Amino acid sequence: QILAMTICTMVCALFGLTSPSNRGGMLTTLLMLYVFMGSFAGYASARVYKLFNGKEWKRNTFLTAIFFPGVIGTIFLGINAFVVSYGSSSAAPFTTLLALMLLWFGISTPLVFVGSYFGFRKDTISVPVRTNQIARHIPEQVWYTHPAFSIALGGVLPFGAVCIELFFIMSAIWLHQLYFVFGFLFAVLLILVVTCAEITIVMCYFQLCNEDYQWWWRSFLSSGSSGGYLFLYSVWYYGSKLSIEGFVPTVLYFSYMAMASITFFMLTGSIGFFSCLWFVRKIYGAIKVD
């Protein structure tokens, strides 16, 4: 859902449908595209859940529709309540919050259920080989296949792919500069997708070569850890490039960057997971069993 929103926003910016000088218009485009891309999240969630022979499809679909927007919405409501308590004029009015709730529960959530319906109607993702009922013993791993090391290393390259462009984007957001090079940004987005896929596939290959078959969550966290690097970058940017004074602006800055980091974590982690799922099915599908 986040990836589809990002690609569609880039396309709209490339063709001049949204103006970078109109910040409100760009934000509205992002929000509306995310809402209308809910069916992508429901479909992907249903296909993966069906692969695991899940039975509680209603609960799975509900959590898909609620979890990520709920986390971001909770942070945003906390920021808004904090700003209101300090009497700031930057607080979002009640009508805006009500409109966001209507978009969430009136459009996005039903679309997630629609996508989930079509996902569960599809055939289960095929597994190329039979798996053992009894889990095999995982031998002692070498240091470079340790989960902490592989997860920390996996996020370096995806973050490095967007690091330079991230500087200009943050300057446009926090230093009120204009950003026009959306063609180059779209190319950076493609590089990010490829980099996330490649690094997680390589880490997964090393892991499987060492007879460690618990690759599911590690594939998500390996590329998703780039969200942590994004937040660390925002701390450096705050100390070296910004002149923010006061407690309230500081809280606002780090809260918004935390929301951006969580979103980036979900985006890159999902790319890494689905890339590894495709890779594992391919390599095991190539095994000739007599």
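This passage looks at the nonpolar cores, the surface patch, the salt bridges and the cysteines of a predicted model.

The interior is a good place to begin. The largest nonpolar core holds 38 residues, and within this core Met170 and Phe182 touch the most other members. Seven helices each supply at least two residues of this core, namely α1 (2-14), α2 (23-36), α4 (57-85), α7 (156-174), α8, α10 (226-240) and α11 (247-285). The most generous contributor is α11, which gives 8 residues. Met170 offers a handy way into this packing: once its neighbours within four places in sequence are left aside, Met170 is in contact with Leu175, Tyr233, Ser234, Tyr237, Tyr253 and Met257. A second core, separate from the one just described, has 13 residues, among them Ile125, Cys204, Trp215 and Phe220.

Nonpolar side chains also appear on the outside of the model. A surface patch is formed by Val142, Trp143, Tyr144, Phe149, Leu153, Val156, Val202, Tyr205 and Phe206, whose accessible area together is about 830 Å². Two elements, α6 and α8, give two or more residues to this patch, and α8 gives the most, with 3 residues. Trp143 belongs to the loop between α5 and α6. With a relative accessibility of 63%, Trp143 counts as exposed because the cut-off for that class is over 50%.

Attention now turns to charged pairs. Side chains of opposite charge can pair when their charged atoms come close. In this model the count comes to 3 salt bridges. The side chains of Glu56 and Arg59 form one of them, with an N to O distance of 3.3 Å. Glu56 is partly exposed at 43% relative accessibility, whereas Arg59 is exposed at 55%.

Another salt bridge joins the side chains of Glu211 and Arg136, at 3.3 Å from N to O. This pair links distant parts of the chain, 75 residues apart: Glu211 lies in the loop between α8 (182-209) and α9 (216-224), and Arg136 lies in the loop between α5 (94-121) and α6 (147-154). Glu211 is partly exposed, with 43% relative accessibility, while Arg136 is exposed, with a relative accessible area of 53%.

The pair of Asp212 and Arg218 also meets in a salt bridge, where the N to O distance is 3.0 Å. Here both partners are buried: the relative accessible area is 4% for Asp212 and 11% for Arg218. Each of these two values falls under 20%, so both residues are classed as buried.

The cysteines complete the picture. The structure holds 0 disulfides. Cys8 is in no disulfide, and the nearest cysteine sulfur, which belongs to Cys12, is 6.7 Å away. A disulfide needs sulfur atoms within 2.5 Å, so the 6.7 Å separation of Cys8 and Cys12 does not qualify. Cys8 is partly exposed, with a relative accessible area of 26%. Cys276 is likewise in no disulfide; its nearest cysteine sulfur is that of Cys204, 4.2 Å away. Cys276 counts as buried, at 0% relative accessibility. Cys204, its nearest cysteine by sulfur position, is one of the residues of the second core.

Key. Residues numbered from 1 in each chain as written. Predicted model: local features only at pLDDT ≥ 70, side-chain atom pairs only at ≥ 80, totals over all residues. Heavy atoms only, no water. Salt bridge = Lys/Arg side-chain N within 4 Å of Asp/Glu carboxyl O. Buried < 20%, exposed > 50% of the residue type's maximum accessible area, 1.4 Å probe, protein only. Helix = DSSP H or I, 4+ residues; strand = E, 2+ residues; numbered from the N terminus. Patch = residues over 30% accessible without salt bridge, like charges linked within 9 Å, V, L, I, M, F, W, Y side chains within 5 Å. Areas by Shrake-Rupley, 256 points an atom, 1.4 Å probe, with all protein chains shown as cover. Core = buried A, V, L, I, M, F, W, Y, C linked by side-chain atoms within 4.5 Å. Contact = heavy atoms within 4.5 Å.
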